Amino acid sequence: MAESSAKPKQGKKPNIFMRIGLFIKQVVDEMRKVVAPSGFELFKWSVAVFIFVLLLMLFTFGIDYGLGKLMLFLFG
């Protein structure tokens, strides 16, 4: 059976400062890959998020209003 690569090696782990340094180096390397959106892309995604939030608000309002009317009909 093949061994999992998630198992730690039998050697000694590096000290805490070396592990923190490695983590920071990896974070910086990944941040260099990030690409900022252009102004138009940012505007387009902002509009999409705004429309999605409005749709969720309308859905929640509809469910709340409908269930409120149903409770008034049944118990009121």
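How much area does the protein chain expose, and what share of it do carbon and sulfur atoms supply? Show the surface first. The protein chain exposes about 7900 Å², and carbon and sulfur atoms supply 73% of that area. Keep in mind that this is a predicted model.

**Whole chain**

Switch to cartoon. The protein chain has two helices and zero strands. Colour by relative accessibility next. Of the 76 residues in the chain, 0% are buried.

**Helix α1**

Select residues 16-31. This is helix α1, with 16 residues. From its first C-alpha to its last, helix α1 reaches 23 Å. That is close to the 22 Å expected at 1.5 Å a residue.

Now go to the start of α1 and add N15 and F17 as sticks. A side-chain oxygen of N15 comes to within 3.2 Å of the backbone nitrogen of F17.

**Salt bridges**

Side chains of opposite charge can pair when their charged atoms come close. How many salt bridges are there? The count comes to three.

Pick D29 and K25. They form a salt bridge, with the closest N and O atoms 3.1 Å apart. Both residues lie in helix α1. They are four residues apart, about one turn of the helix.

Stay on D29 and add R32. The side chains of D29 and R32 also meet in a salt bridge, at 3.6 Å from N to O. Which residues does the resulting network link? K25, D29 and R32 are linked in a network of salt bridges.

Is R32 buried or exposed? R32 has 65% relative accessibility, so it counts as exposed; the cut-off is over 50%. D29 has a relative accessible area of 30% and is partly exposed.

Next, select E30 and K33. Their side chains meet in a salt bridge, at 3.1 Å from N to O. K33 is exposed, with a relative accessible area of 57%. E30, at 46% relative accessibility, counts as partly exposed.

**Helix α2 and the annotated segment**

Move on to residues 39-75, which are helix α2. Then narrow the selection to residues 45-67. UniProt, in an unreviewed entry, places the feature "transmembrane region" there. Over residues 45-67 the chain is 100% helix and 0% strand. Draw a distance between the end C-alpha atoms of this segment: they are 33 Å apart.

**The aromatic pair**

How many aromatic pairs does the structure hold? The structure holds one. Show F61 and Y65 as sticks. These two residues form the pair, and it is stacked. The rings sit 5.8 Å apart, centre to centre, with 20 degrees between the planes. The pair counts as stacked because planes under 30 degrees apart are classed that way.

Why are F61 and Y65 separated by about one helical turn? Because they are four residues apart in helix α2.

Finish by checking how open each ring residue is. F61 counts as exposed, at 54% relative accessibility. Y65 is partly exposed, with a relative accessible area of 47%.

Technical notes
Residues numbered from 1 in each chain as written. Predicted model: local features only at pLDDT ≥ 70, side-chain atom pairs only at ≥ 80, totals over all residues. Heavy atoms only, no water. UniProt positions renumbered as here; feature names shortened; annotations may be inferred. Phe/Tyr/Trp six-rings, centres within 6.5 Å; stacked < 30°, edge-to-face > 60°. Buried < 20%, exposed > 50% of the residue type's maximum accessible area, 1.4 Å probe, protein only. Expected span 1.5 Å × (residues − 1). Polar contact = N/O pair within 3.5 Å; in protein donor to acceptor, adjacent residues only side chain to side chain. Salt bridge = Lys/Arg side-chain N within 4 Å of Asp/Glu carboxyl O. Areas by Shrake-Rupley, 256 points an atom, 1.4 Å probe, with all protein chains shown as cover.
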